[in-house]
Amino acid sequence: MDEFSVLVGGRAGDGINEAGMIIARLFNQLGYCLYQYLDYPSLIRGGHNFTIVRASGEKIGAHRDEVDFLLALNQETIDRHEWRLKETSVVIYDSDEVKSPVAGGFGLPLKTMAKEAGAPAIARNTGLIGAFSGAAGIEWEVLEEVLRKEIPQSIDENLEVARRGHDGIEGGGREMLKVERRSYPCCPVITGNELIGLGLLRGGLDAYVAYPMTPSSGVLHFLAKAADEFSIKVVHPENEIAVILMAQGFAYAGKRTALGTSGGGFCLMTEGMSLAGMAEMPLVVVVSMRAGPSTGVPTYTAQSDLHFVMNAGQGEFTRLVIAPGDTEQAFYWSATSLSLAWKYQIPAILLSDKTLSESAYSFNLVEARDIPEIRPVLADGEDDYRRYLRTDDGISPLAFPPMPGAVVKANGYAHLESGITTEDAGEVKAVQDKSLLKEKSLKKELDGLPAVKTYGSKGSSTALLCWGSNKGVCAEVGEKFGLRVVQPVVLNPFPTTKFEEALRDVERTISVETNSTGQLARLIRCYGFEADDLILKYDSRPFSVDDLEKKIEEVTR
Amino acid sequence: MNPKDLGTTAPNTWCPGCGNFAILNAIKPVLADLDEEGLVPIEKVVLVSGIGCHAKIIDYVNANSFYTIHGRTIPVATGIKLANPDLTVICFAGDGDAYAEGLDHLIFAAKRNVDITAIIHDNRVYGLTTGQYTPTSPSGFVGRSTPEGLKVPPINPLEIVSASGGTFVARGYSHGIELLKEVFREAILHRGFSFVDVLQVCATFFNLYDYYNERVYTLEEHDPQDRARAEEKMKEWDYDSDGPVPLGIFYREEAPTFGDNFAKYNSKITDMDGRIRKTLESYI
């Protein structure tokens, strides 16, 4: 087989995500590309958590509905996911918990095994992983190495449970699915949030400010942990309003700063966005979307905030909006957006969603190289400093206090070049013209960057249009169906010329989006492009490969 | 440095008799003196204002500044201070700014003891929006949004800051520039969160000069390190009743500041790519 999907399910608190991660690491050692989808409700203990680990010899970025291995820590996992089973699927479950298993499944008394080995109850999943490895023909040595690396406590006891699981299954005496070695390069398997954090660090981040909100908190947690190693300041203030204002204090003092939130938190940041626009404060705002409106579905996904982030904040000001579609793009654009924000002294929004933020992907650093060197324009210390000096490209040289002789006056009011408030009609217009000029310069700079990407069959006259995390599923399905796939990565300022080039000779476009109204379709209409069909999913779950295949067949029939 | 050197070309648009003049005329000589004495070089000073009549002070002082938005001086000032602990950051905020729109920030600044100074232009009325009540307006206040008279009592901001952990709590009055100068200087030099509520009279919408002149007195023989006594003095006037109105430094205490936690994070990483690769390796 070329690929495998493994589902692990149980209650919150059973270590489902960790179990999935270990299985992903196992496949990684065997030469597979990984994608791990995580599905969990908004609660701390109980409920139903599951993860699907998909491993393939080719690059992937989406999950499948059907699974080859169903690993169940409880009855609910079996009941909820039986529909995913194929004839060849292998089911392994904890027979201490599961009382009505599927026919042909393998039950192991995992609870008892953990107890007998003197391991904590959570080691049930180690037993399950051991049994999976046995069933998949993964050598004990590979498993032991991964477990030793991944399990921080009670490793001997855990190994004992894993060993019992491994041996227990091998004695099952049935022909199982064997996981053969492949040749995909061994890569870090890492979430989008972590790559956004690393990309920001690569872009020279000095400080990260955030108030926790799913699904953006992963960036905060990653950077808080990395603060020592990378010498950055990580602050968690009283609310999102404070977050975006505090970040502007950092920016004023010359520190490259990013902040993170989801839609609800971003609502509170809109006044700060507008201030950053007027005061010309460089910021990178990570907005990881989840299903709304309001509290919506906190731990599930959506792409419904595109027009919100495009328009948040009163007045008109230049902003950059970027929606990376995979971890390589997340890394590249997190670094680049920070540089662009600083060069053009604007707020930049890095738009992610639960799928990209919290799924784990095989990350290939080679594909994320060549991050451009874009430098801010700094004052040379000569002449009288004027914070808002009007120049040909709209960019005023930056200075940061303390700088003897330079008085740095930032202002959220309309202002003179000096930074002193004005209400004079001509001056007010000049402030706005400066913003427009910056947008023009920014557009020019974006012409040299990979603002639009294409995949699939590049000669096809039918194109799937996608943005953000749907890039993974669209690229795969587009390739399979011989369709062209076009992904605008930069959404504002819209890369019109590049988009037009990417769509040359296309007769039919289908926009694939995780929202109910077709927000990309609506956006491109502003620039004279039409989406002929919409494939929309708005049940707060991401497209599986199978979902999209079915929908495309329906639309193109 | 002469205080005159701190002037700008911006025309002053405050009303005649406005209490903001006293704050402006007190802060300029204080900053000039601190610069002259080498205690706080003027280029290390950053002024942060909110929105309202008070905020225009930023345009009238030739020093580094960030003219922010309503209620948000404190988070901006906190960011500046955390970014560069060498800077001396002073917020000018109105009572609407600090006690209504941005009360959460005030409480957190006190709780964190971040090393910034907050000077509140507390005129107890919204001036620039032409006369509505604020959190410190007395009950019965007749404003344009409460024509029948305000039905609820005011808050006492000194008690709020004190209860939140404030380490420097003071009150000034715009008719008494010498005391203002003394309090501002001490507030700026205090290491930690310094809070000064200035009874700043709005001559147009809520002229309280006569009221205050009859009631204010300066704290004397008061030990600002005596917390119990300080709290007693804060309660002496509740911004509503007609009790005597004490002025001066009520409380001060030395305590660790929020910025201390960050002192070690100021270096630039040289081997960025190496560290990124090392981090990535842990995900294999």
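These exercises with worked solutions concern a predicted model.

Local features need pLDDT of at least 70 and side-chain atom pairs count only at pLDDT 80 or more, whereas totals for chains, interfaces and linings use all residues. Residues are numbered from 1 along each chain as its sequence is written, and chains are lettered from A and ligands numbered from 1 in the order in which they are written.

**Exercise 1. The interface**

Describe the side of chain A that touches chain B.

*Solution.*
- Step 1: count. 46 residues of chain A are in contact with 41 residues of chain B. Contact requires C-beta atoms, placed from the backbone, within 7 Å.
- Step 2: list the elements. Helices (H or I, at least four residues) and strands (E, at least two) are DSSP runs, numbered from the N terminus. Those of chain A that give two or more residues are strand 7 (189–191), helix 7 (192–202), helix 8 (217–230), strand 9 (233–235), helix 9 (240–252), helix 11 (270–279) and strand 15 (409–411).
- Step 3: rank. Helix 9 of chain A gives the most, with eight residues.
- Step 4: sort by type. There are 31 nonpolar, eight polar and seven charged residues on this side. Here Ala, Val, Leu, Ile, Met, Phe, Trp, Tyr, Cys and Pro count as nonpolar, Asp, Glu, Lys and Arg as charged, and the others, Gly among them, as polar.
- Step 5: look for strand pairing, which needs at least two DSSP bridges. Strand 15 of chain A pairs in the parallel sense with strand 2 (residues 64–67) of chain B, over three bridges. N411(A) has Y67(B) as its bridge partner.

**Exercise 2. Domains of chain A**

Find the domains of chain A, then describe how domain 1 meets domain 3.

*Solution.*
- Step 1: take the bounds, which come from an automatic or database domain assignment. Domain 1 is 3–170, domain 2 is 190–448 and domain 3 is 452–556.
- Step 2: place the centres. The C-alpha centres of domain 1 and domain 3 of chain A lie 34 Å apart.
- Step 3: count contacts. Six residues of domain 1 of chain A are in contact with eight residues of domain 3 of chain A. On the domain 1 side, two are nonpolar, two polar and two charged.

**Exercise 3. The open sheet**

Which strands of chain A stand at the edges of the seven-stranded open sheet?

*Solution.*
- Step 1: read the order. The sheet runs 9-8-10-11-13-12-19 in chain A, with mixed pairing.
- Step 2: find the edges. Strand 9 and strand 19 (490–492) of chain A each have a single partner strand, so one side of each is left without a neighbour in the sheet.
- Step 3: add the twist. It averages 20° from one strand to the next. Axes are lines fitted to C-alpha atoms, for helices over the stretch in contact, and angles run from 0 to 180 degrees between N-to-C directions.
- Step 4: inspect one pair. Strand 10 (residues 257–261) and strand 11 (residues 283–289) of chain A run parallel, joined by four bridges. G260(A) stands opposite V286(A).
- Step 5: add the helix. Helix 9 of chain A lies across strands 8, 9, 10 and 11 of chain A, at about 170° to strand 10.

**Exercise 4. Strand 4**

Where does strand 4 (residues 67–72) of chain A find its partners?

*Solution.*
- Step 1: strand 1 (residues 3–12) of chain A runs parallel to strand 4 of chain A, over four bridges. V8(A) has L71(A) as its bridge partner.
- Step 2: strand 5 (residues 85–94) of chain A also pairs with strand 4 of chain A in the parallel sense, over five bridges. V67(A) is bridged to L85(A).
- Step 3: check burial. A residue is buried if 20 or more other C-beta atoms, placed from the backbone, lie within 10 Å of its own, exposed if 12 or fewer, and partly exposed in between. Six of the six residues of strand 4 of chain A are buried.

**Exercise 5. Two positive phi values**

E280(A) or S294(A): which is buried and which is exposed?

*Solution.*
- Step 1: E280(A) sits in the loop between helix 11 and strand 11 of chain A. Its phi is near 60°. E280(A) counts as buried because it has 27 C-beta neighbours inside 10 Å.
- Step 2: S294(A) lies in the loop between strand 11 and helix 12 (306–311) of chain A. Its phi is near 55°. S294(A) counts as exposed because it has 7 C-beta neighbours inside 10 Å.

How values were computed. Two residues are in contact if their C-beta atoms, placed from the backbone, lie within 7 Å.
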